[in-house]
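Colleague: I've got this model open and would like a close look at a single part of it. Could you pick one strand and walk me through its surroundings?

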Amino acid sequence: MVRSIPLRGGTSIPQFGLGTYKLAPEQTQRTVEAALELGYRHVDTAAMYGNEREVGLALAASGLARDDVFVTTKLNNPDHDPDAARAAFERSLDALQLDQVDLYLIHWPLAHSTDYVATWATLIEIAATGRARAIGVSNFQPDHLRRIIDATGVTPAVNQVEIHPYLSQDPLRALHAGLGIVTEAWSPLARGKVLDDPVVEGIAARLGATPAQVVLAWHLRRGDVVFPKSTHPGRLAENLAATTIDLDAADAAALDGLNRDERTGSHPDHVEWP
Ligand SMILES: NC(=O)c1ccc[n+]([C@@H]2O[C@H](COP(=O)([O-])OP(=O)(O)OC[C@H]3O[C@@H](n4cnc5c(N)ncnc54)[C@H](OP(=O)(O)O)[C@@H]3O)[C@@H](O)[C@H]2O)c1
């Protein structure tokens, strides 16, 4: 049901997974376990979310083989300095109770307050140990991508950025396609804000689908990787079933037309540390 997309580094990523931002530690284990039981095989977490330990407990409790679940985590903003990044990576593996993550990302570029090229070089070092099967970035703008690639000769496997029908990010996605970077769409439902849009509701009513399913099917048709977050078992199942919905070109074009370059989260140029 869920397509796998090849990644630089020789691995591949399930196109659909579970997001865990704002999953409180006490909700995390049961939510991740419920998702794995439903058939999710990709979990996106981050040191910043404070729930890696509970994600790890859910993975262990699931009884699934390590290779059957794709796990992403991210380097937190205070840890960009190379020594801090090495230590932070160890803490993430320890919290997740894993020997290896499938994907390790720089969470934010912090372009005005850090040397993100040195941070990227540290992730390259980590990947060389085999303990991150693939490495990538998040919230990188075109000039950040070009700079790390020019400086190191290593292209990130993915760039994880905010994308939904109100922020379609087509110029950035085209750059990714040209560079061979897989696009991951965070907040794919715009944290719920697109779900009562009349265009989304109209397509959903006609197809007998839910608004969330229509929006997720739009992302999947575009080829992006998505991991919507929900704490509700019913919604976890509803969202996963979006992988069975085929939107036609006319419906996809109508959803493309909703773009208004509107963010629900922070702009990468405005996130700095400290
Ligand atoms: N790299 C980054 O900087 C970054 C930033 C933000 C997010 N992310 C990642 O992307 C993931 C997804 O983004 P997100 O969590 O911000 O937002 P999202 O997945 O777009 O939306 C989550 C919100 O939508 C609701 N929802 C989920 N399924 C629904 C459905 N079928 N019908 C109605 N409402 C539904 C959830 O509520 P309930 O839980 O109540 O169902 C929650 O409030 C995150 O969890 C995280 O892993 C990364």
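Modeller: Here is a tour of one strand, its partners and a few spots around it.

Keep in mind that this is a predicted model. Let's take strand S6, residues 101–106. Is S6 buried or exposed? Six of its six residues are buried, so the strand is largely enclosed by the rest of the structure.

Now the sheet around it. S6 belongs to an open sheet of eight strands, with parallel pairing and the order S3-S4-S5-S6-S7-S8-S9-S10. The edges of that sheet are S3 (18–19) and S10 (225–226), each of which pairs on one side only. As a general point, strands of a sheet pair through backbone hydrogen bonds, either parallel or antiparallel.

On one side of S6 you'll find S5, residues 70–75, paired with it in the parallel sense over four bridges. If you want a pair to click on, try threonine 73, whose bridge partner in S6 is tyrosine 104. Helix H3 (residues 82–96) also comes in here: S5, H3 and S6 make up a right-handed β-α-β unit.

S6 also pairs with S7, residues 132–138; those two run parallel and are joined by five bridges. Here leucine 103 stands opposite alanine 134 of S7. To get from S6 to S7 the chain goes through helix H4 (residues 116–128), and this β-α-β crossover is right-handed.

Leucine 103 also leads us to another strand. It is one of the residues touched by isoleucine 13, which is found in strand S2, residues 12–14. Isoleucine 13 has 0% relative accessibility, so it counts as buried. Leaving aside residues up to four places away in sequence, its other contacts include Phe70, His42, Glu184 and Val225, as well as Arg3, Ser4, Ile5 and Leu7. For a sense of scale, its C-alpha atom is separated by 22 Å from that of alanine 190, which is 177 residues apart from it along the chain.

Back to the sheet, for a look at the S3 edge. S3 runs parallel to S4 (residues 42–44), and two bridges join them. Leucine 18 stands opposite valine 43 of S4 in that pairing.

So if you retrace the route on screen, start from S6, with its six buried residues, step across to S5 through threonine 73 and tyrosine 104, then over to S7 through leucine 103 and alanine 134, and finish at isoleucine 13, which touches leucine 103.

Terms used:
Residues are numbered from 1 along each chain as its sequence is written. This is a predicted model: local features need pLDDT of at least 70, side-chain atom pairs count only at pLDDT 80 or more; totals for chains, interfaces and linings use all residues. Side-chain values use heavy atoms; hydrogens and water are left out. Buried means under 20% relative accessible area, exposed over 50%, partly exposed in between (1.4 Å probe, protein chains only). Two strands pair if DSSP finds at least two bridges between them. A crossover is right-handed if, with the strands pointing away from the viewer, the path from the first strand over the helix to the second runs clockwise. Contact means heavy atoms within 4.5 Å.
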